[in-house]
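Open the model in your viewer and keep a selection box handy. We will go from stop to stop, picking a few residues each time.

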Amino acid sequence: MSSFALKLIAVVSMLTDHMGAVLFPQYIWMRYIGRLAFPIYCFLLTEGYLHTHSFKKYILRMTIFMALSEIPFDLAFSHTWLNIHYQNVYWTLLFGLLAIRAMEWLQARLPRQWFVLGYVPVAAAAAIAWFIHTDYNAYGVLMIFGFYIFKKQKAALAVYEIILFAFLSQIELFAVFAFIPIFLYNGKKGLSKRWMNIGFYAFYPIHLIVLVLVRYLCG
């Protein structure tokens, strides 16, 4: 399964989840389907990090769409233009990305006996995500860390992530099914055009705007 196929699964799952949250809260099954999205996005984030030609451009893209998504996110889930107590998922993804980068940088420079200090940026990023209430907060950052640190150990990865799912909430245990497409990943991009890649980033704020408009028009 290519990264393009994984992106499609994540997008459909996320759209189903958010349709359930914003338009059809009575249909809990839509939220179950939605649990697949975030683990797949975390996996793709770490894959993107490992293969990116420019970390600076990667961070810039994440930051731009983080900013563009905040108002649509708040309108969709907080019914207000700006909610400083709840931040969109791009914040979590950005913190996770910065954490593994800082961890790599530190561990490459620390003496072997101080290697564990390289995990400090991960703990710091998780704490910040928790404090400012990003979507998936600290658990999201730790999920990204897990996909990175256990990238070659599928069994350990599954155990680690399932423990995190359990700590989040009972419904998050349905996220375990995300491992089926993730473990079928073949390391190939699949259909990949620059405009498509940008489109996957843009889908998040755009679909939230559409859902808010539909709720307003139907309400």
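Which residue just after helix 6 takes a positive phi? Select His-133: its phi is about 60°. Keep in mind as you look around that this is a predicted model.

**Stop 1: helix 6**

From His-133, step back into helix 6 and select residues 120-131. The helix has 12 residues, and from the first C-alpha to the last it reaches 16 Å, close to the 16 Å expected at 1.5 Å a residue. Now colour Pro-121, Val-122, Ala-125, Ala-126 and Ala-129, the buried residues of helix 6. Look down the axis: these residues sit on the same side of helix 6 because they cover an arc of only 135° around it. To see what they face, add helix 5 and helix 7 (137-149), against which the buried residues of helix 6 pack.

**Stop 2: an aromatic pair in helix 5**

Stay with helix 5, residues 89-107, and show the side chains of Trp-91 and Phe-95. How are these two rings arranged, and how far apart are their centres? Trp-91 and Phe-95 are edge-to-face, with 6.2 Å centre to centre and 70° between the planes. The two residues are four apart in helix 5, so about one helical turn separates them. In general, residues three or four places apart on an α-helix point the same way, because there are 3.6 residues a turn. Switch on a surface and compare the partners: Trp-91 is partly exposed, at 24% relative accessible area, while Phe-95 counts as buried, at 14%.

**Stop 3: more rings, and charges above them**

The Trp-91 and Phe-95 pair belongs to a longer list, since a search of the whole structure finds 23 aromatic pairs. For a group of rings, select Phe-43, Phe-147, Phe-165, Phe-179, Phe-183 and Tyr-185, which form one aromatic cluster. Then look for charges over ring faces. Arg-101 lies over the face of Phe-55, 4.3 Å from the ring centre. Lys-151 lies likewise over the face of Tyr-148, at 4.0 Å from the ring centre.

**Stop 4: the salt-bridge network**

How many salt bridges does a search of the whole structure find? There are three, and we can visit them in turn.

Begin with Asp-17 and Arg-31, whose closest N and O atoms are 2.5 Å apart. Asp-17 lies in helix 1 (residues 3-22) and Arg-31 in helix 2 (residues 28-34), so this salt bridge ties together parts that are 14 residues apart in sequence. Asp-17 counts as buried, at 7% relative accessibility, whereas Arg-31 is partly exposed, with a relative accessible area of 27%.

Next, add Arg-35. Asp-17 forms a salt bridge with Arg-35 too, with the closest N and O atoms 2.5 Å apart. Arg-35 lies in the loop between helix 2 and helix 3 (37-51), so its pairing with Asp-17 in helix 1 ties together parts 18 residues apart in sequence. At 4% relative accessibility, Arg-35 counts as buried.

Finally, add Glu-172, which forms a salt bridge with Arg-35 at 2.9 Å between the closest N and O atoms. Glu-172 is found in the loop between helix 8 (154-168) and helix 9 (179-183), and the pair links distant parts of the chain, 137 residues apart. Both Arg-35 and Glu-172 are buried. Keep Asp-17, Arg-31, Arg-35 and Glu-172 on screen together: salt bridges that share partners join them into one network.

Key
Residues are numbered from 1 along each chain as its sequence is written. This is a predicted model: local features need pLDDT of at least 70, side-chain atom pairs count only at pLDDT 80 or more; totals for chains, interfaces and linings use all residues. Side-chain values use heavy atoms; hydrogens and water are left out. Rings of Phe, Tyr and Trp (its six-membered ring) pair if their centres lie within 6.5 Å; planes under 30 degrees apart count as stacked, over 60 as edge-to-face and the rest as tilted. Buried means under 20% relative accessible area, exposed over 50%, partly exposed in between (1.4 Å probe, protein chains only). A charge sits over a ring if NZ of Lys or CZ of Arg is within 6 Å of the ring centre and within 35 degrees of the ring normal. A salt bridge is a side-chain nitrogen of Lys or Arg within 4 Å of a carboxyl oxygen of Asp or Glu. The expected span of a helix is 1.5 Å times one less than its number of residues. The arc is that of the directions from the helix axis to the C-beta atoms. Contact means heavy atoms within 4.5 Å.
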